Amino acid sequence: MPDPAVPPTPPVPLAALLAREDLALRQIAGPVDPAAVIHWAHTSEMADPYPYLLGGELLLTAGVHVPEAAGSGAYFDDYVSRIVAAGGAALGFGLAPVHDTVPRALVAACDAYELPLIEVPPQTTFSGVARAVWQLMAQARLAELRRVTEAQQSLAAAASRPDPVPSVLRQLAQRLSGRAVLYGPEGTEIAAAGRVVADAARDALAELAQVVRPSGPGTPTSATHTAAGVHLAAYALGAGRGFVLGVAAPAREPGDHTIASVAAVLLSLLTGEHQSGSGAARSSALVRLLLGGRPEEVAVLLGAGRWVVVHAAPEARARETAAPDTVSASALGAALGSPLVDLAEDVVRVLVPAGREPVAPQAGWTLGVSGAVEPRDWALADTQAARALARAHATRTALVRHGGRPGLAALVPADEAEAHARALLAPLAGSPALLDTLRTWLSLHGSWDRTAVALAVHRNTVRQRVAKCAGLLDTDLDDPDVRMELWFALRE
């Protein structure tokens, strides 16, 4: 695991800072290492800066703390040793106004303790050095984000090819300049791509894959290691299916973990379909329905039991921004525990096994939930969910369930109830808008405003439609007995 003291920004090569002509910095002591980096710049005039350092700093000082008699004593040895002990990456010494030159004893101490010593000329301020460090960090961060974005796009394109798993592995290996391996549930190497690594690193990667393979509570989902000079990483794929992605690379760049994590997500989706066979089952169910199969016969391919239909629409604020898309719809389906998602223009429908229906609102969504039904009643549940969603909109409630308890309608034979409803509502049969308005208005106890909200129309439109219904039906809609009879008919 990385040191928590290190900031979440790319380090700056010390050589890049020295190359800044506007700063005119010069290294005068310590090792010249092209790989040396700094994580930040810090100014301190403390004689012992150790308690105030986190590690990785370019420590800047003007030597205010240096006593006059320090030239021949052990002061600088103690000072530099404490900086090294704290993990300081380099020391910057500013000329003027305190010192005209860098003390020779300080130069000797930095050489002895192998701490890079940077001479800061009088015209360069410490704040200017700090600003340059942050500018270089921002540039490095931008380059890293660009690299990660390009890798994400190439990995997504690879996943859409006819051979998605090998394509994703090849693209990942290329992006990390290493090797990518897919291990199966039994620990065997299923596919691999990229440069070949030494046997020791290959065996260590296989062992690391065993660490993240699901074995009980507390199993990590990712792990890293180094063997034979090669950086190794392993990522568990899917929800406990046993597939593992292994990566071996000669170096570990800041964005490598993000890139490998994207590949792990894509491979989780690909291996999940292969392992569970759920994709094939859904395809088979769809084909059977299209060829005339009955829902109760098709449902066995999706799982036995009763089902619930959920209608979901983005909350008002989200609808103003954009309509639901495939990504958000799939995410909602995943949250509800079902891949059976249908995305329409302004609503998402999810078919959920009974027992998994939402018990709490989903952030950003307004939900209408049907009662639990057998597959032969899926169409009825769809209607129930639509009505529940309309009521949720009207009452500004995040989640509304269909009230499915038995009522008076259960006392009347279904064929007689249907015939009565058909006869009673015959004058409105040619106008779905009137039927829907009357049904919504009755369900909301005659509220004009809430009905207008539910139907997304003006309240005057609701008044006109209800008045037209009253005229066509030749009845008084203020009469509670009439309302009850109409509600009974509209439910059939």
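Biologist: In what order do the 5 strands of the open sheet come?

Modeller: Keep in mind that this is a predicted model. The pairing in this open sheet is antiparallel. Going across it, the 5 strands line up as β9-β8-β12-β11-β10.

Biologist: And why is one side of β9 and of β10 left without a neighbour in the sheet?

Modeller: Look at the edges, where β9 (189-194) and β10 (222-227) stand. One side of each is left without a neighbour because each has a single partner strand.

Biologist: Which residue of β9 stands opposite Arg 179?

Modeller: Start with strand β8 (residues 179-183), which runs antiparallel to β9 and is joined to it by 5 bridges. Across from Arg 179 in β9 you'll find Gly 194.

Biologist: Which strands does helix α6 touch?

Modeller: Helix α6 covers residues 199-212 and packs on the sheet. Its direction makes about 30 degrees with that of β11 (230-236). The strands touched by α6 are β8, β10, β11 and β12.

Biologist: Now over to β13: how many of its residues are buried?

Modeller: Strand β13 spans residues 307-314. Trp 307, Val 309, His 311 and Ala 313 point one way, while Val 308, Val 310, Ala 312 and Pro 314 point the other way, and all are buried. So side chains alternate between the two faces of the sheet, as in any regular strand. The count of buried residues in β13 is 8 of 8.

Biologist: Which residue in β16 stands opposite Ala 313?

Modeller: β13 pairs with strand β16 (residues 365-369) in the antiparallel sense, over 5 bridges. Opposite Ala 313 in β16 is Thr 366.

Technical notes
Residues numbered from 1 in each chain as written. Predicted model: local features only at pLDDT ≥ 70, side-chain atom pairs only at ≥ 80, totals over all residues. Heavy atoms only, no water. Buried < 20%, exposed > 50% of the residue type's maximum accessible area, 1.4 Å probe, protein only. Helix = DSSP H or I, 4+ residues; strand = E, 2+ residues; numbered from the N terminus. Pairing = 2+ DSSP bridges. Contact = heavy atoms within 4.5 Å. Axes fitted to C-alpha atoms, helices over the stretch in contact; angles between N-to-C directions.
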